[in-house]
Amino acid sequence: MTASSRPFAEAPTPSHRKAPRSRLLGISGFALLAVTVLWLAGVVGGTPQAVQLVLVTAALAAIAFAVSQGVSSVHDWAVPLLLVGGALLFGYLRYEAFFRRGPGQPLGYSNATGALYLLAAAAALQLLARARTRPGRLLGLFAALAFAGIPWLIGTISAGVLLCLLPLGLLARGRKGVRRCIVAGASAIVLTLGVAVALGSTYDPATRDGWTEGLAARSLSERRLMLWGDALQMVREHPVSGVGLGRFPEVSPTALANADTRWPHNEPLHLGAEAGLPGLLLLLMLYGWGFASLWWEGDDGAAAVGALALAAVAVQANIDYILHFPAVVGMLATTVGAGTRRSLRHARTYGPSRVYRR
């Protein structure tokens, strides 16, 4: 029997054609993360605590993303359900701590806790988008509403405002909708970082008299603007390797003048100051890789929510040091991984399609 006379012939599905691209995305992502760790911990170096933090955070992010994507390729609702359950359990165990201020607060810093529950709300919305039963969708809805109140409860205004944008992802339809969310989120990151650079490079507390400078100082705090200026000065003086991981407080005049001020409250500028321009660019490339994964592998509302969550955390990281907390980074990697499940799941579950030939 010739090939043309066979009643059925194997034809590759779009999922099969995407499999090499999925593998390429995975390999490139882990390679980029490895280069980042090598640059930060191997080339730049710094204090032992800072180097250890980089290693722990990178390992947690890699494991979280790989496990999340792998599980989601089989059960696309399982990872959001686990994240929602974990966030509910954590909130129950640390309930009293949410009303504290200072080190006793969950994660030791209210803005980091706000970012964590922003991501928990994103996971709840992903569950709402993917659950196939009414109880599952109701759990996602009520969990999202509960988690949305926590940033406001603990006074994390930035996380509370950014969290209100996440439900827009549920309006996305198909791959085009996901990509629109990615473009909007990436634009917001670039815009807020550009504003931070502009304010940090031009702000002078001795000569401020314009209403824009006064508004920025009142909304962001004058000390934060001064710290951004210190970070940019370190980038200009040490553009290649920075001053070393964990050494910003030893070099920044603002930090030296106030023991409570240790970090510049802007993660890209922080890495630029301590690890040079390569460190800053590597962080932005990691953001870009997360968006690229969702761009090629996401095609539903849950993927759009993941893209908006990545953008929200990155925007918040432009005004605070929330990426210093491995729990936030691990939660972010898990949320993004949960949004990249489609082509893997179809390729493994359905296999090649059969096309009838006359």
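F90, Y117 and F147 come together as one aromatic cluster in this predicted model. Six aromatic pairs are found in the structure (ring centres of Phe, Tyr or Trp, the last by its six-membered ring, within 6.5 Å). Local features need pLDDT of at least 70 and side-chain atom pairs count only at pLDDT 80 or more, while totals for chains, interfaces and linings use all residues. Residues are numbered from 1 along each chain as its sequence is written, and side-chain values use heavy atoms, with hydrogens and water left out.

**A charge over a ring**
- R179 sits over the face of W296, 5.0 Å from the ring centre; the criterion is NZ of Lys or CZ of Arg within 6 Å of that centre and within 35 degrees of the ring normal.

**The largest pocket**
- Its volume is about 960 Å³, taken as the space filled by probe spheres set on grid points joined across faces, edges and corners.
- A pocket here is an open set of points on a 1 Å grid over the protein atoms alone, with protein on both sides within 12 Å along at least five of seven lines.
- There are 38 lining residues (an atom within 4 Å of a point), and T57, L283, L286, L323 and V329 lie nearest the centre.
- Helix 1 (14–44), helix 2 (48–72), helix 12 (267–297), helix 13 (301–317) and helix 14 (326–338) each give at least two residues to this lining, with the largest share, ten residues, coming from helix 12.
- Helices are DSSP runs of H or I with at least four residues, and strands are runs of E with at least two, numbered from the N terminus.
- The lining comprises 26 nonpolar, nine polar and three charged residues, with Gly counted as polar and Asp, Glu, Lys and Arg as charged.

**The cavity**
- One cavity of 30 Å³ or more is present (points where a 1.4 Å probe fits but cannot get out).
- The largest cavity has a volume of about 70 Å³, and of its ten lining residues S22, L25, G26, Q69 and E297 are closest to the centre.
- Helix 1, helix 2 and helix 12 each supply at least two residues of the cavity lining.

**Confidence**
- Mean pLDDT (the predictor's confidence in each residue, from 0 to 100) is 85 for the chain, and 83% of residues reach 70 or more.
- Helix 13 has the highest mean among the elements, 97, and strand 2 (residues 353–356) the lowest, 34.
- Over residues 1–16, pLDDT stays under 50.

Definitions and conventions
Rings of Phe, Tyr and Trp (its six-membered ring) pair if their centres lie within 6.5 Å; planes under 30 degrees apart count as stacked, over 60 as edge-to-face and the rest as tilted. Contact means heavy atoms within 4.5 Å.
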